[in-house]
Amino acid sequence: MKLLDIATILNAQVITANELLDYEVTSACGSDLMSDVMAYVTENVVLLTGLINLQVIRTAEMMDIRAVIFVRGKQPLDSMIELALEKNIVLMTTDLTMFPACGKLYEAGLKNGFDSGR
Amino acid sequence: MSTIKLKYDIPANDFVAAGEASSNVKKKLAQIGIAADKIKKAAIAMYEAEINAVIHANGGTADVEICLDRVIIAIIDNGPGIPDLELAMTEGYSTASDNIREMGFGAGMGLPNMKKYADKLDINTEVGIGTKVTITVYFI
């Protein structure tokens with residue numbers, strides 16, 4: 001699924017990197033716990049989170065996560081936008097809360113991006 | 001390729017700056033053409049160690065040595081040390097404050113994550129003296 005499709009499904013506002021919306025992802029994970037993201041996230045993933053701080057973008061950078069979607073209408077800080085632009089990470093924000101946002105993407109065919117081995 | 005040596009300060013109590021050293025090393029490894037999966041392993045392990053130094057130990061330093069076949073990352077702090085290393089290695093065990101948890105960390109996954117992503121992990125720690133975490137990731 002292209003990031004552009006995700007933006008459409010979630011009725012999300014794209015904040016950075018419009019030019020990268022052709023990028024294909026296969027799975028998603030929803031988490032406010034960056035330690036878990038670093039432990040379990042697989043490849044070609046979008047991250048949905050309600051957490052707003054610079055370490056969200058750092059975590060995405062380390063994990064090669066190409067897109068972060070903020071739920072509940074949360075807006076990233078300027079410092080986050082700046083870092084995301086520098087690292088070519090797409091940021092979006094949706095008014096949906098975490099559960100329906102994940103549900104819609106799951107329904108549309110995205111797989112579970114967490115591999116906890118359990 | 002000769003060995004590349006890098007040194008970084010990890011500033012104390014600066015949660016915003018945390019990760020800059022790891023980001024820099026990630027970039028450096030990409031520039032010299034290391035495979036993406038190896039870079040990711042090194043970057044995540046180092047980032048967790050960097051975050052730990054900020055959270056628990058008033059910062060510290062990172063010494064990075066990039067050789068032909070491996071990267072060796074040493075994160076050194078003068079923090080409180082780890083009284084029970086075995087316990088600290090347990091998934092979910094954390095002594096981080098609520099403040100840190102609100103930032104999305106302190107879930108007790110830092111050391112287990114380092115172990116997971118490093119090919120070799122050495123931890124030397126002494127209560128009241130500090131901790132040295134040495135992460136090795138092999139490229140081949």
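Select helix 3 of chain A, residues 54-62, together with helix 1 of chain B, and you have two helices packed at an angle of about 25° with their axes 11 Å apart. Helix 3 of chain A is therefore roughly parallel to helix 1 of chain B. Keep in mind throughout that this is a predicted model.

**Stop 1: helix 3 of chain A against helix 1 of chain B**

Look at the handedness. This crossing is left-handed. Now show side chains. Helix 3 of chain A brings R58(A), E61(A) and M62(A) to the contact, and helix 1 of chain B brings E20(B), S22(B), S23(B) and K26(B). Colour by class: there are four charged residues, two polar and one nonpolar.

**Stop 2: helix 1 against helix 2 in chain B**

Stay on helix 1 of chain B, residues 20-31, and add helix 2 of chain B. Their axes come within 8 Å and cross at roughly 165°. That angle makes helix 1 of chain B roughly antiparallel to helix 2 of chain B. The crossing of this pair is right-handed.

Select the contact residues next. On helix 1 of chain B, pick E20(B), A21(B), S22(B), V25(B), K26(B), L29(B) and A30(B). They meet I39(B), A42(B), A43(B), M46(B), Y47(B) and E50(B) of helix 2 of chain B. By class, this contact has nine nonpolar residues, three charged and one polar.

**Stop 3: helix 2 against helix 5 in chain B**

Keep helix 2 of chain B, residues 36-57, and add helix 5 of chain B, residues 110-117. The two axes come within 9 Å and cross at roughly 155°. Helix 2 of chain B is thus roughly antiparallel to helix 5 of chain B. Here the crossing is left-handed.

Helix 2 of chain B contributes K41(B), I44(B), A45(B), E48(B), A49(B) and N52(B) to the contact. From helix 5 of chain B come G110(B), L111(B), N113(B), M114(B) and Y117(B). Six of the contact residues are nonpolar, three polar and two charged.

**Stop 4: around helix 5 of chain B**

Now show the surroundings of helix 5 of chain B. How many of its eight residues are buried? Six are, so helix 5 of chain B is largely enclosed by the rest of the structure. To see them, select G110(B), L111(B), P112(B), N113(B), M114(B) and Y117(B).

Then bring up the cover. In chain B, it includes helix 2, helix 3 (85-88), strand 4 (120-126) and strand 5. Chain A takes part too, with helix 2 (34-40).

**Stop 5: M38(A)**

Move to helix 2 of chain A and pick M38(A). Is this residue buried or exposed? M38(A) is buried, with a relative accessible area of 0%. Show its neighbours. M38(A) touches T59(A) and M63(A) in its own chain, and I44(B), Y47(B), E48(B), F105(B), N113(B) and Y117(B) across in chain B, leaving aside residues up to four places away in sequence. For a distance check, go from M38(A) to E82(A). They are 44 residues apart in sequence and 22 Å apart in space, C-alpha to C-alpha.

**Stop 6: T134(B)**

Select strand 5 of chain B, residues 130-138, and find T134(B). T134(B) is buried, with a relative accessible area of 14%. Beyond residues up to four places away in sequence, T134(B) touches I72(B), I73(B), A74(B), K120(B), L121(B) and D122(B).

**Stop 7: N88(A)**

Return to chain A. Where is N88(A)? It sits in the loop between helix 4 (78-86) and strand 5 (90-93) of chain A. N88(A) is partly exposed, with a relative accessible area of 42%. N88(A) touches L20(A) and R66(A), again not counting residues up to four places away in sequence. Add A67(A): it is 21 residues from N88(A) in sequence and 8.9 Å away in space, C-alpha to C-alpha.

**Last stop: the cysteines**

How many disulfides are there over all chains? The count comes to zero. Select C102(A) and C29(A). The sulfur of C29(A) is the nearest cysteine sulfur to C102(A), and it is 8.3 Å away. A disulfide needs the two sulfur atoms within 2.5 Å, and C102(A) is in none. C102(A) is partly exposed, with a relative accessible area of 26%. Finish on C67(B), which is buried at a relative accessible area of 14%.

Terms used: Residues numbered from 1 in each chain as written. Chains lettered and ligands numbered in written order. Predicted model: local features only at pLDDT ≥ 70, side-chain atom pairs only at ≥ 80, totals over all residues. Heavy atoms only, no water. Buried < 20%, exposed > 50% of the residue type's maximum accessible area, 1.4 Å probe, protein only. Axes fitted to C-alpha atoms, helices over the stretch in contact; angles between N-to-C directions. Helix = DSSP H or I, 4+ residues; strand = E, 2+ residues; numbered from the N terminus. Parallel < 35°, antiparallel > 145°, perpendicular 65-115°, else oblique. Left-handed = near helix turned anticlockwise from the far one by under 90°. Contact = heavy atoms within 4.5 Å. Nonpolar A, V, L, I, M, F, W, Y, C, P; charged D, E, K, R; others polar.
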